[in-house]
Amino acid sequence: MDVINQKKNLNFGDNNSPEINLNSNLKRWFSRNIGLWKSNRTYFFDEVQKTYNLCMNINIQALENKSEWESHYKFTWYPEKKYNFFEENPQYKERGEMCAFIKGHQLMRENFYLSNDAGISNIKQVDEHEMIFESSYKDWYIIEHTRLVDLDNYRFRVIYSWNKNKLKIVENHHEIKIIK
C-alpha cells in the first residue's frame, strides 16, 4: 500500500481563494450526516479469525466555523451497553470524540479512532450519496465507504484496515438516524 499524503501538505497552490477551497457537494453531504445515529457493527479480525457484534451511538455535530469557507464537525461515540469487545481490543476506544474540518477534498482530523494522532483523510465522491475516505497513519492504511440510504435515514459503512500491508480488520456498520 502507498501511504497517502505522508507529508501532510496542506498547500493547494498559490491561489487560496474560497472558490478553490470550498466544495459545496462535500459540505452538503456532510450536513446530511448531522444527528444521532444508532450504529449496529460487525467487526471481523482476520488474524484471530474472530467476529464481534455490537451497537454504538454516534453523534455528528456541525460546529461554528472558524472560517466561513471551512465546515467543522465533532464526532462523539459511546456504546449502547457494556461490551467485552473493548477489553479484548484495547486499541478501540469505548467512547471518544474527534473534531475535523473539510479543506478541499480532504477531511482534516484532530485524531483518528485508533490513534490520538492528527491526520488527513482524502475524500472521493462516488455519487451524491456515497463518499470514500482514504487514510493512513503510523502503520495503518484505511479505506472507508459511507453510503446514505432512504432519504438519509440510514447509512451503511464498510471499513477495511491494513496494518503493515496486511488486512487486519473489516468492519460493517448499519446505522439508523435517531435524531436529526
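I began with the largest nonpolar core of this predicted model. It has 34 residues, and those touching the most other members are Phe30, Tyr43, Leu54, Phe85 and Tyr92.

I then listed the elements that give two or more residues to this core. The helices on that list are α2 (24-31) and α3 (85-88). The strands are β1 (35-45), β2 (50-63), β3 (72-79), β4 (96-103), β7 (130-137) and β8. I noted that β2 gives the most, with 6 residues.

As background, I wrote down that nonpolar side chains tend to be buried together in soluble globular proteins.

Next I looked up Tyr43 and left out residues up to four places away in sequence. Its contacts include Leu54, Phe85 and Tyr92, which are also named with Tyr43 among the core residues touching the most other members. Tyr43 also touches Lys50, Thr51 and Tyr52, as well as Ile169, Val170, Glu171 and His173.

I turned to backbone angles. Asp150 is not a glycine, yet its phi is positive, near 55°. I placed Asp150 in the loop between β8 (140-149) and β9 (154-163). Is Asp150 buried, partly exposed or exposed? Asp150 counts as partly exposed because its relative accessibility is 47%, and the partly exposed class runs from 20% to 50%.

Asn165, also a residue other than glycine, has a positive phi of about 65°. I found Asn165 in the loop between β9 and β10 (166-179). Asn165 has 54% relative accessibility and therefore counts as exposed, the cut-off being over 50%.

Notes:
Residues are numbered from 1 along each chain as its sequence is written. This is a predicted model: local features need pLDDT of at least 70, side-chain atom pairs count only at pLDDT 80 or more; totals for chains, interfaces and linings use all residues. Side-chain values use heavy atoms; hydrogens and water are left out. Helices (H or I, at least four residues) and strands (E, at least two) are DSSP runs, numbered from the N terminus. Buried means under 20% relative accessible area, exposed over 50%, partly exposed in between (1.4 Å probe, protein chains only). A nonpolar core is a set of buried Ala, Val, Leu, Ile, Met, Phe, Trp, Tyr and Cys residues joined through side-chain atoms within 4.5 Å. Contact means heavy atoms within 4.5 Å.
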